[in-house]
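Reader: I am new to this structure. Please show it to me, and then let me ask how its labels were earned.

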Amino acid sequence: MEKRESYCCFNSPLSRMIQEQVRPQLGMPFGDAEHPQCDGIPMERLVEVDWGRVNLDEWLGILQQSGHFPAPGNLTPEALTPVRLSRKPIISQ
C-alpha cells in the first residue's frame, strides 16, 4: 500500500486564500493526490463569486504583522496608492 500527498503552490498567501475560498463556490475541487487540479480560476468565472463570502482576515493579519497595514488615521488616498503619479501639465500649441 502506498500513500500519496500532493500540494498546490501559490505565488502569495493572498492567492492561496482566494483559491481556498472561491473554488468551493464555483464547484472547482483541488482534485486528489493522483490527479491534483491546481490551475487558476478562469477570469470569466469571477463574476459568479460571492465576494461577500470571502474572508480576508488572515490577509489583514499578515499586513498588520508586517507593518504594511496603515493606521486608521493614515487611510488617505495617497497612503493607499502604491505609486505616486506626478501630473504634468499638457501644453497645447
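Author: Start with a definition. Buried means under 20% relative accessible area, exposed means over 50%, and partly exposed lies in between. Note too that this is a predicted model.

Reader: Why is Cys 38 called partly exposed?

Author: Its relative accessible area is 34%. Partly exposed covers the range between 20% and 50%, so Cys 38 counts as partly exposed.

Reader: What makes Cys 8 partly exposed?

Author: Cys 8 has 22% relative accessibility. Buried would need a value under 20%, so Cys 8 is partly exposed.

Reader: How do you know that Cys 8 and Cys 38 form a disulfide?

Author: Their sulfur atoms are 1.9 Å apart. The cut-off is 2.5 Å, so the pair counts as a disulfide. The pair links distant parts of the chain, 30 residues apart. Cys 8 sits in the segment before helix 1 (13–26), and Cys 38 in the loop between helix 1 and helix 2 (57–65).

Reader: Why is the sulfur of Cys 9 not bonded to the one in Cys 38?

Author: The sulfur of Cys 9 is 7.5 Å from that of Cys 38, the closest cysteine sulfur. A disulfide needs the two within 2.5 Å, so Cys 9 is too far for a bond.

Reader: What makes Cys 9 exposed?

Author: Its relative accessible area is 73%. Exposed means over 50%, so Cys 9 is exposed.

Reader: Which residues make up the largest nonpolar core?

Author: There are six: Val 22, Leu 26, Met 28, Ile 41, Val 49 and Val 54. Leaving aside neighbours within four places in sequence, Val 22 is in contact with Ile 41, Val 49, Trp 51 and Val 54.

Technical notes: Residues are numbered from 1 along each chain as its sequence is written. This is a predicted model: local features need pLDDT of at least 70, side-chain atom pairs count only at pLDDT 80 or more; totals for chains, interfaces and linings use all residues. Side-chain values use heavy atoms; hydrogens and water are left out. A nonpolar core is a set of buried Ala, Val, Leu, Ile, Met, Phe, Trp, Tyr and Cys residues joined through side-chain atoms within 4.5 Å. Buried means under 20% relative accessible area, exposed over 50%, partly exposed in between (1.4 Å probe, protein chains only). Contact means heavy atoms within 4.5 Å. Helices (H or I, at least four residues) and strands (E, at least two) are DSSP runs, numbered from the N terminus.
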